[in-house]
Amino acid sequence: MKHPAPHIVTAFEDAMKRLKASIVQMAGAAETQLDGALACLTQRNPEQARAIVESDARLDSYEHEIEANCMRMLVLRQPVADDLREVIAALKIAGNLERVGDHAANTARRAVAVAEFPESPAMSTLPNLGRLVRQRLTTAVDAYVDGDVELALRVWRTDDEVDALYTSLCESINQSAARLPEMFTAHMHLLFIAKSLERIGDHATNIAEVVHFVHTGRPLLDERPKADRSRGDV
């Protein structure tokens, strides 16, 4: 009968340090991709947008590598309790970061389409939503790196700030579309961009929830604060 490999503390800790370093690298890549996508909203640079879309494959590679390392640790070390939560947390955070990259790529792709139209007044408020979700993503990642549960809770408790700004933005885009029917297509792209940015905010909150769980062993059972009253979800 085969017995599982012994749980050697130092070996597991070293593996976890490498795994955490991979998460930090992936987070940095996701933040860079988001920064580039937000720049596309104001700079109207098709080449930059294409580079953002192409770089999404890098985040996919990070996720696959992290998944493989997590599976290896689960099989070889068979961690339990705190150690198991750490591995599962890395899996979940990698998945959320990969989705951040997808939404950033979608934002860049649609920014190119919007650039073909005259600038809409509604577009001026998109960078505000972008800056807010970028800040929340950075804070959630910092909470993970530092093991800071209170910082994670701060991200979770203020989820409604993104929802409120998103709702206001959708209303502004819809009003602008009503005034400028000839720019219907451009405003549809703006709604999709707004939704992508709102979803990035959700993924930041997801990461905060994971940080809370990994350090407390308890899920956040309260209903997530929400302030999204829009009917224009896309």
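In this predicted model, helix α4 passes helix α8 in a left-handed crossing. Helix α4 covers residues 81-114 and helix α8 covers residues 184-216; their axes come within 9 Å and cross at roughly 165°. Because angles over 145 degrees count as roughly antiparallel, α4 is described as roughly antiparallel to α8. Sorted by class, the contact of α4 with α8 holds 18 nonpolar residues, alongside 8 polar and 6 charged ones.

Helix α8 also packs with helix α7, which spans residues 159-179. Here the angle is about 175° and the axes lie 10 Å apart, so α7 is roughly antiparallel to α8 as well. On the α7 side, the contact is made by Asp159, Val162, Asp163, Tyr166, Leu169, Cys170, Ile173, Asn174, Ser176 and Ala177. Facing them from α8 are His187, Leu190, Leu191, Ala194, Lys195, Glu198, Gly201, Asp202 and Thr205. By class, this contact of α7 with α8 comprises 9 nonpolar, 5 polar and 5 charged residues.

A further pairing brings the reader back to α4, this time with helix α2, made up of residues 46-54. The axes of α2 and α4 come within 8 Å and cross at roughly 155°; the two helices are therefore roughly antiparallel to each other. The crossing of α2 and α4 is left-handed. Helix α2 contributes Pro46, Ala49, Ile52 and Val53 to the contact, while α4 contributes Ala104, Ala105, Ala108, Arg109 and Val112. In terms of class, the contact of α2 with α4 has 8 nonpolar residues, no polar residues and 1 charged residue. On the α4 side, that charged residue is Arg109.

Attention can now turn from helix packing to empty space. Rolling a probe the size of a water molecule over the atoms shows where such space is left. The largest pocket of the model encloses about 200 Å³. Its lining consists of Ala11, Ala15, Arg18, Leu19, Ser22, Asn69, Arg72, Met73, Leu76 and Arg77. Two elements, α1 (9-43) and α3 (56-77), each give two or more residues to this lining. By class, the residues lining the largest pocket divide into 5 nonpolar, 2 polar and 3 charged. Arginines appear in the lining at Arg18, Arg72 and Arg77, and Ser22 and Asn69 are also found there.

Methods:
Residues are numbered from 1 along each chain as its sequence is written. This is a predicted model: local features need pLDDT of at least 70, side-chain atom pairs count only at pLDDT 80 or more; totals for chains, interfaces and linings use all residues. Side-chain values use heavy atoms; hydrogens and water are left out. Axes are lines fitted to C-alpha atoms, for helices over the stretch in contact, and angles run from 0 to 180 degrees between N-to-C directions. Helices (H or I, at least four residues) and strands (E, at least two) are DSSP runs, numbered from the N terminus. Angles under 35 degrees count as roughly parallel, over 145 as roughly antiparallel, 65 to 115 as roughly perpendicular and the rest as oblique. A crossing is left-handed if the near helix is turned anticlockwise from the far one by less than a right angle, and right-handed if clockwise. On a 1 Å grid over the protein atoms alone, a cavity is a set of points where a 1.4 Å probe fits but cannot get out, and a pocket is an open set with protein on both sides within 12 Å along at least five of seven lines; lining residues have an atom within 4 Å of a point. Grid points are joined across faces, edges and corners, and a volume is the space filled by probe spheres set on the points. Contact means heavy atoms within 4.5 Å.
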